[in-house]
Every structure is written in C-alpha cells, then in structure tokens.
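Open the model in your viewer and keep the selection panel at hand. This tour goes stop by stop, saying what to select and what is there.

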Amino acid sequence: MQDKKIAILGLGDIAGGYNEKSSSKKSLTHAMAIKNNKNLNLIGCMDINCDVLNNFSNFWKVKNTYDQVKDIEKDYYDVIVISSPSPHHTDQLFEVLELKPEVILVEKPLTLTELDYKKIQELPKKNNICVNYLRNWDPKVLELKKQIIDDNYDGYFECKFNGSMMNAGCHMISLLFDIFDNLQIEKKIKSKNHDLFVLKTNNNLVLTLIHFKKNLNYHLFELSYTSKNSFYKMACNGKYWLTRNLIKDKDYPNLDYLDPNHKVEKGHLTECLDYVYLNIANYLEGKEKLKNNLPQSLKAEKFCRDLILWGEKND
C-alpha cells in the first residue's frame with residue numbers, strides 16, 4: 001500500500017504532547033502511533049496557537065502547517081485526525097467533511113450536548129468516521145467479551161471510574177456498549193461521594209456502574225467480571241488484567257475457592273493507538289471495517305447524557 005497522508009488538527013497532549021514529555025517509546029499519542037505505522041505518513045498539522053504549531057511540527061518533523069481548518073483544502077489528506085479541545089469536535093467534523101478525506105478519526109467525546117448529537121444524527125450514514133474510544137481496540141477486551149458469551153451472560157459485571165461522565169464516563173460506556181451491544185438503566189442509588197447505577201443488558205445480565213464524583217487521590221478506571229468459574233479484572237486504566245481461578249481447599253476438599261493470588265498480565269493500553277491506526281490502515285486497503293464508527297459512538301454518548309438526566313430526575 002502506498003503511504004497514506006495524515007493531518008492532525010489540535011496539537012495538545014493526545015496529539016503528541018504525552019510522548020514529548022515522556023521517555024516512553026510506546027504510542028501514547030496519535031503522532032507516535034502514526035510514525036510507528038509503515039503505511040501511514042504524518043505530513044500535516046493544524047493549531048490556532050502558532051507556538052504550539054511550530055513546536056509540534058519541529059518535534060515530529062511535520063512538513064505542512066496550518067493555523068485554520070479551511071487552509072487545509074489546498075492539500076489532500078487520506079486521513080484527518082481531530083484532537084482539538086472537546087467543545088470544537090462537532091463543528092470541526094463538519095469542516096473536515098468538506099475536505100473529503102477517506103477516514104476521519106475524532107477524539108472523544110464527539111458530542112458534548114444534545115444539540116451536537118442532533119446535528120450529527122442528520123448526517124447521511126458515514127462509515128468512514130470513527131471516535132477514539134481506544135480501549136475498544138484492546139485485544140484483552142475482545143477476550144473478555146468472548147468469555148462472557150461463552151458463559152451465556154451468566155455472571156456479574158462491575159465498573160468504577162472517577163472524573164466527569166462526559167470525559168471518563170464516556171470511555172467506560174463506550175466499552176460497555178462494545179461488549180454488550182445495548183444497555184438500559186434500571187436504578188440509581190445516590191450517596192455523598194458517588195452514584196451507583198444498576199444497568200441491564202439485552203441478555204439480562206445485570207451490572208453496576210459506580211461513578212465517584214468526589215476527588216480521589218488516584219485515577220480510577222476499572223471493570224471486573226465474576227463468572228461461575230473465575231474472576232477477571234481490568235486494573236490501572238487497562239495497563240494490567242488480573243485473573244483468579246478456582247482452587248481446591250487443602251483442609252476442606254469438598255470446598256472450592258477463587259485463588260487469593262491474582263494472575264497478573266500486562267494489558268495493551270499503551271498499544272491501543274497502534275491498534276487504532278492498524279485498523280485504519282486495513283480499512284483503507286479494504287481489509288476490514290472501522291471500529292467505533294459514528295453510529296456506535298453516538299449511541300454510547302447519548303447513553304452518557306441519559307445517565308446524567310436520569311440521575312437528575314431520580315435524585
């Protein structure tokens with residue numbers, strides 16, 4: 001495949017900053033993930049702040065620079081990445097659609113308001129737009145989904161996160177929709193420091209979603225699944241996965257327990273952006289569909305707003 005040309009709009013931390021500030025060689029940013037894909041070529045970048053624009057283009061050796069979206073139309077790009085601040089995502093999506101790239105990748109959330117959601121819903125079906133809920137590309141999530149299906153949805157699922165619902169929460173909800181396809185709200189229990197939502201899937205699996213609203217002294221983004229034979233947990237934002245399997249009790253041979261010692265495996269959080277761009281490269285070659293396409297992402301983001309509204313109505 002001939003190298004596909006990419007431009008990034010909005011040059012903050014997720015565009016390249018995390019790697020610029022870190023000694024890590026992992027793909028913490030769009031720029032690093034693009035550079036690590038031999039079929040993709042980062043040759044354009046845009047930011048309204050000239051200092052930020054110059055620093056980014058110099059660090060990542062990007063040829064073409066722009067300080068507004070409309071200037072990009074003089075050059076064609078196969079892929080355009082929108083990683084500007086969240087309030088600009090919807091408007092910039094409509095601007096970028098006029099440039100007719102083959103793929104548009106937008107940072108989450110795509111829609112902050114119901115008005116944004118309605119605007120984008122009016123678009124003709126666009127299967128070339130995807131939203132960067134990066135954990136949905138994690139192979140470990142696919143393994144967990146397979147385990148849940150193999151268990152015939154006969155288990156218990158729990159999720160915990162802190163931060164705002166439309167920032168951290170939309171990551172979690174998108175992940176749940178990727179695993180379960182659909183969700184409905186059953187109940188909300190409110191406490192001083194957190195809200196607990198009881199949700200149900202179409203397969204009647206009940207799960208709890210716990211949103212910690214007060215500041216914690218650490219970042220929390222975890223999910224766990226308890227089945228009849230084992231226990232699985234995504235920990236530390238997805239950097240690690242923990243498993244507890246059945247063991248026999250040495251003193252009471254008729255009793256089985258879950259092993260108190262977790263089997264710990266490294267997750268793929270810091271490789272997820274590599275998987276995102278591999279998916280995009282394969283889509284451009286006609287080998288696979290884009291994950292996290294526009295309809296999927298809109299459904300998850302609407303559910304986040306439904307949780308906020310449902311909680312307000314039932315306080």
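**Stop 1: the β9/β10 hairpin**

Start by selecting strand β9 (residues 194-201) together with β10: the two pair in the antiparallel sense over seven bridges. The model is predicted, so read every feature on this tour as a feature of that prediction. Pick Leu196 and look across to β10, where its bridge partner is Ile210. Now go to the turn. The hairpin has four residues between its strands, and Asn204 takes a positive phi near 65 degrees.

Next, add strand β7 (residues 156-162). It runs parallel to β10, and six bridges join the two. Select Lys160; its bridge partner in β10 is Ile210. Is β10 mostly covered or mostly uncovered? Colour residues 206-212 by accessibility: six of the seven residues of β10 are buried, so "mostly covered" is the answer.

**Stop 2: the main core**

Stay in this region and show the nonpolar side chains. The largest nonpolar core has 60 residues. Leu93, Phe157, Leu176, Phe180 and Leu199 have the most contacts inside it. Helix α7 gives the most to this core, with 11 residues.

Centre on Phe180. Beyond residues up to four places away in sequence, Phe180 touches Ile148, Tyr153, Phe157, Thr201, Leu205 and Leu207.

Another core lies apart from the largest one. This other core has 30 residues, among them Ile6, Phe56, Leu134 and Leu284. In soluble globular proteins, nonpolar side chains tend to be buried together.

**Stop 3: the aromatic rings**

Show the Phe, Tyr and Trp rings. The count of aromatic pairs comes to seven. Select Phe177 and Phe303: this pair is edge-to-face, at 5.3 Å centre to centre with 75 degrees between the planes. The pair links distant parts of the chain, with Phe177 in helix α7 (residues 165-180) and Phe303 in helix α9 (residues 294-313), 126 residues apart. Both Phe177 and Phe303 are buried.

How do the rings of Tyr225 and Tyr232 meet? Their centres are 6.2 Å apart and their planes are at 15 degrees, so this pair is stacked. Tyr225 and Tyr232 are both buried. Add Phe157 and Phe180 to the selection, and ring pairs link these two with Tyr225 and Tyr232 into a cluster.

Two arginines are worth a look here. Arg135 lies over the face of Phe221, at 4.1 Å from the ring centre. Arg244 lies over the face of Phe231, at 6.0 Å from the ring centre.

**Stop 4: the six-stranded parallel sheet**

Now select β1 to β6. They form an open sheet with parallel pairing, in the order β3-β2-β1-β4-β5-β6. Which strands stand at the edges? β3 (64-66) and β6 (129-131) do; each has a single partner strand, so one side of each is left without a neighbour in the sheet. View the sheet along its strands: the twist averages 25 degrees from one strand to the next.

Zoom in on β4 (residues 79-82) and β5 (residues 103-106). They pair in the parallel sense over four bridges. Val81 has Leu105 as its bridge partner in β5. Then bring in helix α8 (residues 272-284), which packs on the sheet and touches β1 (4-9), β2 (40-46), β4 and β5. The direction of α8 makes about 165 degrees with that of β5.

**Stop 5: Leu40 under the helix side chains**Select Leu40, found in strand β2. At 6% relative accessibility, Leu40 counts as buried. Leaving aside neighbours within four places in sequence, Leu40 is in contact with Lys4, Ile6, Ile34, Tyr277, Ala281 and Leu284. Add Ile280: Leu40 and Ile280 are 240 residues apart in sequence, and 9.5 Å apart in space, C-alpha to C-alpha.

**Stop 6: Thr270 and helix α1**

Move to the loop between β15 (263-266) and α8, where Thr270 lies. Is Thr270 buried or exposed? With a relative accessible area of 18%, Thr270 is buried. Neighbours within four places in sequence aside, Thr270 is in contact with Lys26, Ser27, Leu28 and Lys239.

Finish on helix α1 (residues 13-20). Its buried residues are Ala15, Gly16, Gly17 and Asn19. Show what covers them: the cover includes β1, α2 (30-35) and α3 (50-60).

Terms used. Residues are numbered from 1 along each chain as its sequence is written. This is a predicted model: local features need pLDDT of at least 70, side-chain atom pairs count only at pLDDT 80 or more; totals for chains, interfaces and linings use all residues. Side-chain values use heavy atoms; hydrogens and water are left out. Two strands pair if DSSP finds at least two bridges between them. Axes are lines fitted to C-alpha atoms, for helices over the stretch in contact, and angles run from 0 to 180 degrees between N-to-C directions. Contact means heavy atoms within 4.5 Å. Rings of Phe, Tyr and Trp (its six-membered ring) pair if their centres lie within 6.5 Å; planes under 30 degrees apart count as stacked, over 60 as edge-to-face and the rest as tilted. Buried means under 20% relative accessible area, exposed over 50%, partly exposed in between (1.4 Å probe, protein chains only). A charge sits over a ring if NZ of Lys or CZ of Arg is within 6 Å of the ring centre and within 35 degrees of the ring normal. A nonpolar core is a set of buried Ala, Val, Leu, Ile, Met, Phe, Trp, Tyr and Cys residues joined through side-chain atoms within 4.5 Å.
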